[in-house]
Amino acid sequence: MCDTQVIRNNNTTFFAKNSDREPMEMQLVVRIAPIENDKTPNLRTTYLTIPETKKRFGVILSKPFWTWGAEMGVNDQGFVIGNQALFTKVHDKTNGLIGMDLVRLALERAATVEEALFVITEHLEKYGQGGVCGYQDKSFSYDNSFIIADSKDSWVLETANRHWVAKKVDKFAAISNCITIESDFDRQSKGLQDFAKKQGLYKTGEFNFAKTFSSWFLTYFSGSKERLKASYCTLSKLTNQDSISAIDLFNGLRTHSKSRDSHFQRSNNDICMHACGYVRRGQSCGSLVANITSSEYFFTGTSAPCLSVFKPVNFDYTKDFGVLTLEKNYSVPTLWQKHEY
């Protein structure tokens, strides 16, 4: 389970995300330099091999150590992406590109938010989305939603199988493991309504993406709608302030729904997630806050934002930031592992 937010206030755009994964699933913060004229023909993503591109932009990613893709990240062109699990009635578990692969592909290959939107939807339609997304839980698989944002434009992109809708963000937006776009989308995949009809999910009249494709069971038990309300509440208050700072977004990601003496008494309604028991199986394994307008990026590189420090990192390759780890051949124990104890 995850929570992703974007807000624009007084000509400044902020992005924030908690990446909720399985306990002890190490999440690394890695910085990868840009590539020019790469002659490697193919790229191995988490499950699929696809054609590689000659040019790739520099990226900073927060990624589960075992996947090729990333939960969230920024690129040196100035935009940010984060993804969420969506539970739909039409999910295909056949191996494809998982949502994290799509995040990294867009960050490496796109120079603008518009291009990123195209990269994700083009690859989604061509290769599909599917495959095991859990580290230990090999039955866990899902469709995806995304927030894509730069200093001027932001989009929410939500998917079902190989189809999608996108909505442009006005002042703020949040996504939390439930489909948020109903009939108010600005763009859609070709043949979307025909696909829904063939699945027996839509007949005629106004087309509602959320009602058509949302699978209620996991959506409900993930606590997504309560977390979404918490995000909306926080963001709406921030829009009324004269100015906001990264600290405001830090505090938002550290939110617990209620004060409890024990994490066992908590629920899936917390934006800052702590794993406890069978129902509450995930924890916030990594967090990112970005002041996109000023190109300031803060990653925890550790789990539990309420117990973590948000650490700065940027694209100055002459500097070795403490939050960074090598993507491969990383030393043990990592920052994440040392903090986890």
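This is a short talk on the salt bridges, cores, cysteines and a few local features of one predicted model.

Hi everyone, thanks for coming. Please keep in mind throughout that we are looking at a predicted structure.

Let me start with charges. How many salt bridges are there by our rule? The count comes to 14. I'd like to walk you through a few of them. Lys17 and Glu71 pair up through their side chains, with N to O at 3.0 Å. Those two come from distant parts of the chain: Lys17 sits in strand β2, residues 12–21, while Glu71 is in the loop between β6 and β7, 54 residues apart. Are these partners buried or exposed? Lys17 is buried, at a relative accessible area of 0%, and Glu71 is buried as well, at 2%.

Now bring in Arg21. Its side chain meets that of Glu25 in a salt bridge, again at 3.0 Å from N to O, and both Glu25 and Arg21 are buried. For Arg21 the relative accessibility is 7%. Arg21 also forms a salt bridge with Glu71, where the closest N and O atoms are 3.2 Å apart. Arg21 is in strand β2 and Glu71 in the loop between β6 and β7, so this pair ties together parts that are 50 residues apart in sequence. Put the shared partners together and you get one network, made of Lys17, Arg21, Glu25 and Glu71.

Staying with that loop between β6 and β7, have a look at Trp68. The loop runs between strand β6, residues 59–64, and strand β7, residues 72–75, and Trp68 is in it. Trp68 counts as buried, with 13% relative accessibility. What does Trp68 touch, once residues up to four places away in sequence are set aside? The list includes Leu43, Arg44, Thr45 and Thr46, along with Lys63, Asp101, Arg104, Leu105, Glu108 and Glu327. If you want a sense of distance, Trp68 and Pro305 are 237 residues apart in sequence and 24 Å apart from C-alpha to C-alpha.

One of those contacts, Arg44, is in strand β4. Leaving out neighbours within four places, Arg44 is in contact with Thr49 and Trp68. Its C-alpha is separated by 24 Å from that of Val113, which is 69 residues away along the chain.

Asp101, Arg104, Leu105 and Glu108 also turned up among the contacts of Trp68, and these four are buried residues of helix α1. How many of the eleven residues of helix α1 are buried? The helix covers residues 99–109, and eleven of its eleven residues are buried.

On to the nonpolar cores. The largest one has 38 residues, and the members with the most contacts inside it are Phe207, Phe209, Phe213, Phe299 and Val313. Let's zoom in on Phe299. Beyond its sequence neighbours within four places, Phe299 contacts, among others, Val29, Ile60, Leu61, Leu288, Val309, Phe310, Val313 and Val323. Another core, of 35 residues, lies apart from it, and its members include Leu28, Val119, Trp155 and Leu157.

Not every nonpolar side chain is tucked away, though. Trp216, Phe217, Leu218 and Phe221 make a nonpolar surface patch of about 460 Å². Phe221 belongs to helix α5, residues 216–221, and is partly exposed, with a relative accessible area of 41%.

Next, the cysteines. How many disulfides does a search of the whole structure find? Zero. Why does Cys272 have no bond? The closest cysteine sulfur, in Cys306, is 3.7 Å away, and that is too far for a bond, since the cut-off is 2.5 Å. Cys272 is buried, at 0% relative accessible area. Cys285 is in no disulfide either: its nearest cysteine sulfur is that of Cys2, 9.1 Å away. Cys285 is also buried, at 0% relative accessibility.

Last, two backbone details for those of you who like Ramachandran plots. Asn37 is not a glycine, yet its phi is positive, at about 55 degrees. You'll find Asn37 in the loop between β3, residues 27–32, and β4, residues 42–44. Ser295 also has a positive phi of about 55 degrees without being a glycine. Ser295 is in the loop between β14, residues 283–291, and β15, residues 296–299, and is partly exposed, at 40% relative accessible area.

That's my tour. Thanks for listening, and I'm happy to take questions.

Methods:
Residues numbered from 1 in each chain as written. Predicted model: local features only at pLDDT ≥ 70, side-chain atom pairs only at ≥ 80, totals over all residues. Heavy atoms only, no water. Buried < 20%, exposed > 50% of the residue type's maximum accessible area, 1.4 Å probe, protein only. Patch = residues over 30% accessible without salt bridge, like charges linked within 9 Å, V, L, I, M, F, W, Y side chains within 5 Å. Areas by Shrake-Rupley, 256 points an atom, 1.4 Å probe, with all protein chains shown as cover. Salt bridge = Lys/Arg side-chain N within 4 Å of Asp/Glu carboxyl O. Core = buried A, V, L, I, M, F, W, Y, C linked by side-chain atoms within 4.5 Å. Contact = heavy atoms within 4.5 Å.
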